[in-house]
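Trainee: I am new to this structure. Can you walk me through how to read it?
Mentor: Gladly; here it is.

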Amino acid sequence: MRTYPVQFSGAALLLVLTWFVVGLVKENKAHREMARQVTDAGWVPVEAGSRDWPWTGEVKVHRAWSFSAQGLPVVAGEIRWRGDALAGMVSTGTRGLFVVVELPSPAPLMKYHLEYELVGAVPPDSESPLRANFLLGRIPAWTVCERELFTVHKCRVIRPALVADAVQRTFRVADLLHLTSPGDDHDER
């Protein structure tokens, strides 16, 4: 039997369409899972324009929720960006999950991004554990600015387990930096 270019093109088109539809179904299922999680856990939706976000550039918050974790206010949600809008927090991609933890007291500016350089007033006893945890994939790239610690986790679809893991990894950063104890005077470090 001879194959013709038209038959091959049709099969290729059908394969691409199938892949696209399966992706949409998975994304729709993830949105339903997140909606159930938000409702069950009592998370509060956050309007994108209702607050200042800790990043600049071409970054858009698509949906976000506030809740409490380990006794501190947290905002997590889905963002999309273009190019290097997140200044080295992610290497590629255009979609992800963000976590912002409101710290109990102000802290000096510090960050650890993908160029593997600690910047700012990082406590000296935290440098080695931070590097080791980052290189082992236990913590993401992060930035601390005043009263906020934020992280970005590259992903295509947000699911409840991914949010829980991202929050846990963000708090690991806060613990390594000694930022979660109320009353710490971070400005003297």
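We take strands, cysteines and the core in turn.

Mentor: This is a predicted model, where local features need pLDDT of at least 70, side-chain atom pairs count only at pLDDT 80 or more, and totals for chains, interfaces and linings use all residues. Residues are numbered from 1 along each chain as its sequence is written, and side-chain values use heavy atoms, leaving out hydrogens and water.

Trainee: Which strands do β2 and β3 pair with, and in what sense?
Mentor: Strands are DSSP runs (E, at least two residues; helices are H or I, at least four), numbered from the N terminus. Two strands pair if DSSP finds at least two bridges between them. Here β2 (residues 59-69) runs antiparallel to β1 (residues 44-45), with two bridges. β2 also pairs antiparallel with β3 (residues 72-81), over ten bridges. Trp-65 of β2 stands opposite Pro-45 and opposite Ala-76 in β3.

Trainee: What lies between β2 and β3?
Mentor: Two residues, in a hairpin. Gln-70 in that turn has a positive phi of about 50 degrees.

Trainee: How many disulfides are there?
Mentor: A disulfide is a covalent bond between the sulfur atoms of two cysteines. The test is a pair of sulfur atoms within 2.5 Å. The whole structure has zero.

Trainee: Which residues have the most contacts inside the largest nonpolar core?
Mentor: In soluble globular proteins, nonpolar side chains tend to be buried together. A nonpolar core joins buried (under 20% relative accessible area, 1.4 Å probe, protein chains only) Ala, Val, Leu, Ile, Met, Phe, Trp, Tyr and Cys residues through side-chain atoms within 4.5 Å. This one has 49 residues; Trp-55, Ile-79, Phe-98, Trp-142, Val-144 and Leu-177 have the most contacts inside it. β4 (95-112) gives the most, nine residues.

Terms used
Buried < 20%, exposed > 50% of the residue type's maximum accessible area, 1.4 Å probe, protein only.
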